[in-house]
Amino acid sequence: MSTTAHEETLGFQTEVKQLLHLMIHSLYSNREIFLRELISNAADACDKLRYAALDNDALYEGDSELRIEIEHDEKAGTVTVRDNGIGMDRDEVIQNLGTIARSGTAEFLKQLSGEQQKDARLIGQFGVGFYSSFIVADEVTVRTRKAGTDKAEGVEWRSKGEGEFTVADLERDLHGTEIVLHLKKDAKEFADDFRLRSLVRKYSDHIEVPVRMPKVETAKDDEGNEIEGSEVTTWETVNEATALWVRPKSEISDDEYKAFYKHVAHDFSDPLTWSHNKVEGKLEYTSLLYVPGRAPFDLYERDGSRGVKLYVQRVFIMDDAEQFLPLYLRFIKGVLDTRELSLNVSRELLQQDPKVEKIKGALTKRALDMLKKLTKDKEAYQTFWNTFGSVLKEGPAEDFANREKIAGLLRFSSTHTDSATQDQSLADYVSRMKEGQEKIYYIVADGFNAAKSSPHLEIFRKKGIEVLLLHDRIDEWLMSHLSEFEGKRFVDVAKGELDLGEIEGEEEKKAQEETAKAKEDLVKRVKEALGEAVQEVKVTHRLTDSPACVVLPEHEMGYQMRRIMEAAGQKMPEVKPILELNPAHALVARLEGAEGERFDDLAQVLLDQAIIAEGGHLDDPAAYVRRLNALLTT
Ligand code: ADP
Ligand code: MG
């Protein structure tokens, strides 16, 4: 065996160096996870070989019994993890074990602070993978050969995890990969049979590939004494070695579900909940879907990984099969195993297969039902909502058919609690509706405080009518795709005519009409003073404390959405607001008594203030300040 041929030493990608350094320091108390990561990779490699061999049996090289073997040497202080899976060629070794090719990596590294606990959490969230070997090893040797290649095409990779690694040619009989960890002084405890076996059981029971460890058996004589020299080593399968989702639900413990989640999701922490279903009949599939407890780093990346692990009749087909769940459920992780598709299905074929659409519909329903169930656990659901709520809000636009279901899962801030936490459901709102109230009222603003203090809420607060306070970037867009919930129409309180319906008595309405009549002259004068800046001037009954507010026509795009579109480089047509005046306000009374230039200035200041209160921008802020100062000093 020659290990020196074509040897080259290469530097790790900068990101890997940073990750290695921080990981070794932060994950000290979670060191044992290295084994889970290595077994997980070995199992993936076996899955990949089985898939590739579907077309080409020769890839097995006569050894189709896929397996993972773990050995240790206490004296040498080594642990070896070996698989007869797909293996890697030289280029793959350099790429896979020398770089991190994941979107969101740079952003992730920026967030690392050197603060141990916080970093441990973040690193766990990012996924540690192969590099976790260096938490326990001060040198790692990888020997591998890609299945189906010549024996001379093996590769040896070596590194101390300090910035560089060496690759060299290697003659290797076996295909697949062997990873030898040279344990650090303080990690020798892992070179122990009992320890390794319990870790395998803890982390890898659910992996279908058998994980084997050597067992030394000694023959005994009639008196029960061990016969010297009679030791035979046999391989013993340590894990359960059946695919978890195939087993009956009743026989799977929560811990097993959680361990499996960590394998499929490459996550570190527990999922919030899961849903395991076997469906027979017209459409046959088994699905095991999870809601993660944390957002992955690439949740908002265009090319972020999403989708389920796809199996066809237990044969692994592909990771990240994104065709089976809508985009707004991209945070869901899990497994789909179905006999509806053929084993040689590809990503391209998935796009054309009508069965895929059907399964997608079914999984979407499963996922939404799972979330609905989760709402019963208020605390867990709040965690879910805070993490993934703004993704779920994409739902009503993407999935018309499930709009009502999704609406039931939404959470908002509301004047009921006046809290920035979005924790009120539409059902909560409806149950609190006033007698005679027919609509669900909401306001959209850039931030929670802007929403909470909007003048538009004054009449609602006075009458004790609840208003939803929407302050997410996506909210206006969301509301443009939701028209009603449980038959109650949504109404933006900052748009169109204020219609409180039955809540207002006849007398109130009559009084309003009378006031409007009495102020006709004032309204006309203000309109003349403001000219083209406003569409209309009116007397309002929305306000109690503020002198004026601006209202947009009912079907006009709101200020929040306009800003988003403008920021995206879209040129938006000018909107002319309607100015509404509060006749009971002292400033409006003063306006009524003013003449000439002073009248014009006051009218303009009222309009500008109303726009500012709405979160809008003034075309000429300096002019506003000048006018206001003039009014303050005279
Ligand atoms: P991940 O498993 O999330 O892709 P890892 O850091 O664990 O990330 O592994 C990086 C890559 O190295 C894998 O995607 C795979 O291509 C390759 N790899 C790791 N271990 C093995 C193995 N035992 N056999 C074949 N390829 C492997
Ligand atoms: Mg991995």
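A polar contact is a pair of N or O atoms within 3.5 Å; within protein, one of the two must be able to donate a hydrogen and the other to accept it, and residues adjacent in sequence count only if both atoms are side-chain atoms. The structure is a predicted model, in which local features need pLDDT of at least 70 and side-chain atom pairs count only at pLDDT 80 or more, while totals for chains, interfaces and linings use all residues. Residues are numbered from 1 along each chain as its sequence is written, chains are lettered from A and ligands numbered from 1 in the order in which they are written, and side-chain values use heavy atoms, with hydrogens and water left out.

**Exercise 1. Describe the surroundings of ligand 1 and its polar contacts.**

Step 1: List the residues with a heavy atom within 4 Å of the ligand. Ligand 1 is surrounded by N41, A42, A45, D83, M88, N96, L97, G129, F130, T177 and H266.

Step 2: Sort this shell by class, counting Ala, Val, Leu, Ile, Met, Phe, Trp, Tyr, Cys and Pro as nonpolar, Asp, Glu, Lys and Arg as charged, and the others, Gly among them, as polar. The shell has 5 nonpolar, 5 polar and 1 charged residues.

Step 3: Find the element that gives the largest share, where helices (H or I, at least four residues) and strands (E, at least two) are DSSP runs numbered from the N terminus. Helix α2 (residues 33-53) supplies that share, with 3 residues.

Step 4: Look for polar contacts. An oxygen atom of ligand 1 lies 2.8 Å from an N or O atom in the side chain of N41, a polar side-chain atom of N96 is 3.1 Å from an oxygen atom of the ligand, and a polar backbone atom of F130 is 2.9 Å from an oxygen atom of ligand 1.

Step 5: Consider the covered area, computed by the Shrake-Rupley method with a 1.4 Å probe. Taken alone, ligand 1 exposes 530 Å², and the protein buries 76% of that.

**Exercise 2. Classify two aromatic pairs and place their residues.**

Step 1: Rings of Phe, Tyr and Trp (its six-membered ring) pair if their centres lie within 6.5 Å, and planes under 30 degrees apart count as stacked, over 60 as edge-to-face and the rest as tilted. The structure holds 20 aromatic pairs.

Step 2: The ring centres of F130 and Y131 are 5.8 Å apart and the planes stand at 70 degrees, so this pair is edge-to-face.

Step 3: Apply the burial cut-offs (buried under 20% relative accessible area, exposed over 50%, partly exposed in between, with a 1.4 Å probe and protein chains only). F130 counts as buried because its relative accessibility is 7%, and Y131 counts as buried at 5%.

Step 4: For Y261 and Y290 the centres are 5.1 Å apart and the planes at 55 degrees, so the pair is tilted. This pair links distant parts of the chain, with Y261 in helix α8 (residues 254-265) and Y290 in strand β11 (residues 285-291), 29 residues apart. Both Y261 and Y290 are buried.

Step 5: F130 and Y131 also belong to one aromatic cluster with F12, F134, W157 and F165.

**Exercise 3. Where does D418 lie, and is D418 buried, partly exposed or exposed?**

Step 1: D418 is in the loop between β15 (413-414) and α14 (426-431).

Step 2: The relative accessible area of D418 is 29%, so D418 is partly exposed.

Step 3: Phi of D418 is near 50 degrees, a positive value in a residue other than glycine. Most residues other than glycine have a negative phi.
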